Amino acid sequence: MKPQTKYTKSGRINIAYQVIGEGDIDIVYVPGWVSNIDLMWECPQLVEFFRGLTKIGRLILFDKRGTGLSDRVTDLSTLEERMDDIRAVMDAEQVQQAVLFGHSEGGSVSALFAATYPSRTHSLITFGVFAKRRWSHDYPWAPTDQERQLTYDMIEGKRGSGDMDLVSLAPSMEDDKSFMEWIARYFRSGASPSAALALTKMNTAIDIRGILHAIKVPSLFMCCTGDVDVKVDESKYMARQVPGAKVVEFDTTDHFFWARDADKVVDEITSFVSDVRPVSDHQELLSTIMITEIADPGYHIVKSGDTQWLLTKKNHDDIMRSTSLKCLVLK
């Protein structure tokens, strides 16, 4: 039975989420690229996977901003903004600490959250994750600019007609017509063609290599040897950068972990979570210092008047304090 869809605010954006099961451990599933939490329940393999996770504890699903049942956005969302959708959902359900399970781009988002909010992260678990989505000499597994352009062209030219080549993401399911039809509908319902293109371009800009050393929570990186979308070496690279991380490699070809090996993935997650001894006192965390400065305030005071200037400044300070960040407004 499909659970009730709820909404919470992440800034000004409405984020759709669902809660399944119960227990002392909370698990937040962070999907890849695009998602639709309603359509997830039409895939038997994915439902089986979710049911398996509910044996561990309470499972929370959500659609990141711009995807699925959450608000569509006109601006290109940053990785930090998408990460904050996790915090918003956790706050809505009064979750103090959760296991994060991120797939593909969702794994990159989860890794950033684990570095930023270590005290709220029980453990970090990913499948088919990448640290960077643009080729470089020191990260040779990512697509080249030419390869990314081909992806952009495919999304623009074929997404609307439903002719995107999805077999490469789940080769083992090529002959399963119902699965392939479902995944095509799932992606179409997850984002419009223009939104999907914007999200893909945002993914191209992802580079979280610099924060991996700051992840101090127990971490598990799972991957498939034959995954052509995200290479197995990318998970291995990330695990080398994260202190004490574990790697589990599956001898399969699917980027969609639930296609054939849902039970094996659940077993690995269950085993890992049961052995975790979370660190309750984190001495280090990833933080950002942001300074805003209003150029030539004297000019604005003269032009708008003292009253309007004080109102403008108050609005600025209120906006800063209303963010999820810890802000110190300097006078």
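Trainee: Which polar atom pair links Asp229 and Arg133?

Mentor: A polar contact is an N or O pair within 3.5 Å, one able to donate a hydrogen and the other to accept it; sequence neighbours count only through two side-chain atoms. Here, the backbone oxygen of Asp229 lies 3.2 Å from a polar atom of the Arg133 side chain. This is a predicted model: local features need pLDDT of at least 70, side-chain atom pairs 80 or more, while totals for chains, interfaces and linings use all residues. Numbering starts from 1 along each chain as its sequence is written, and side-chain values use heavy atoms, without hydrogens and water.

Trainee: Is Arg133 buried or exposed?

Mentor: Buried means under 20% relative accessible area (1.4 Å probe, protein chains only). Arg133 has 5% relative accessibility, so it counts as buried. Arg133 sits in the loop between strand E6 (121-127) and H4. Helices (H or I, at least four residues) and strands (E, at least two) are DSSP runs.

Trainee: What does Arg133 touch?

Mentor: Setting aside residues up to four places away in sequence, Arg133 touches Ala142, Pro143, Arg148, Asn203, Thr204, Ile206, Asp229 and Val230. Touching means heavy atoms within 4.5 Å.

Trainee: Now a helix. How many residues of H1 are buried?

Mentor: In H1 (residues 44-53), 7 of the 10 residues are buried, so the helix is largely enclosed by the rest of the structure. The buried ones are Gln45, Leu46, Val47, Phe49, Phe50, Gly52 and Leu53.

Trainee: What covers the buried residues of H1?

Mentor: The cover includes strands E3 (26-30), E4 (58-62) and E5 (98-103). Helices H5 and H8 (262-275) also belong to it.

Technical notes: Buried means under 20% relative accessible area, exposed over 50%, partly exposed in between (1.4 Å probe, protein chains only).
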